[in-house]
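New notebook page. I'm going through this one for someone who hasn't seen it before, so I'll jot down what I look up as I go.

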Amino acid sequence: MSKHPFLSDDWFAVVEKLVEEHGADAPPGQAVMVNLVVTDTPFGEERQMHMGAQDGKGHWGIGLKENADVTLTTDYATAKDVFVSGNQQAGMQAFMAGKVKVQGDMTKLMMASAGGGGGNDALTNALQSITE
């Protein structure tokens with residue numbers, strides 16, 4: 001499978017297919033919707049997306065969700081490091097270094113992260129395999 005720049009239009013199109021293929025079910029009891037605003041992209045504009053879980057189903061897509069619990073704003077390099085690698089610790093380090101701005105219910109985000117459940121390893125591996 002060919003690789004695409006993180007958050008490019010082609011990347012979003014392939015990720016949509018991967019989510020359909022691998023599923024995006026969430027651990028029971030997790031319910032948090034996160035908007036992500038990524039600045040300093042190589043595409044000349046910020047990129048906006050949402051991800052999260054509601055009613056045991058994972059959700060993600062282009063654009064921001066109205067009434068999201070949390071909005072995270074970060075730069076392209078940080079977003080790529082955290083979301084493509086799935087490295088939660090990198091996310092916490094970026095937050096502590098001031099590279100991630102948070103608006104909304106940080107407690108709910110932290111509770112969902114602490115609830116863990118591991119995530120979808122097959123989807124994470126597939127994302128890594130198609131991302132430049």
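Which residue is the bridge partner of Ala53 in E3? I looked it up, and the partner is Gly58. Note to self before going on: this is a predicted model.

**The strands around that bridge**

I wanted the setting next. Strand E2 covers residues 47–54, and it pairs with E3 in the antiparallel sense. I get six bridges for that pairing.

Then I stepped back to the whole sheet. Five strands make it up, and the sheet is open. Reading across, I wrote down the order E3-E2-E1-E4-E5, with mixed pairing. At the edges I have strand E3 (57–62) and strand E5 (100–104), each of which pairs on one side only. From one strand to the next, the twist averages 15°.

**What packs on the sheet**

Helix H1, residues 9–22, packs on the sheet. I checked which strands H1 touches and got E2 and E3. The direction of H1 makes about 160° with that of E3.

**A nonpolar patch**

Next I looked at the surface. I found a nonpolar patch of about 410 Å², made by Met92, Phe95, Met96 and Met110. Which helix gives the most to this patch? That's helix H3 (residues 88–96), with three residues.

I picked Met92 for a closer look, and Met92 sits in helix H3. Is Met92 buried, exposed or partly exposed? Its relative accessible area is 41%, so I put Met92 down as partly exposed. The cut-offs I used are under 20% for buried and over 50% for exposed.

Methods: Residues are numbered from 1 along each chain as its sequence is written. This is a predicted model: local features need pLDDT of at least 70, side-chain atom pairs count only at pLDDT 80 or more; totals for chains, interfaces and linings use all residues. Side-chain values use heavy atoms; hydrogens and water are left out. Two strands pair if DSSP finds at least two bridges between them. Helices (H or I, at least four residues) and strands (E, at least two) are DSSP runs, numbered from the N terminus. Axes are lines fitted to C-alpha atoms, for helices over the stretch in contact, and angles run from 0 to 180 degrees between N-to-C directions. Contact means heavy atoms within 4.5 Å. Patches are made of residues with over 30% relative accessible area and no salt bridge: like charges are joined within 9 Å, nonpolar side chains (Val, Leu, Ile, Met, Phe, Trp, Tyr) within 5 Å. Accessible areas come from the Shrake-Rupley method with a 1.4 Å probe; for residues, only the protein chains shown count as cover. A salt bridge is a side-chain nitrogen of Lys or Arg within 4 Å of a carboxyl oxygen of Asp or Glu. Buried means under 20% relative accessible area, exposed over 50%, partly exposed in between (1.4 Å probe, protein chains only).
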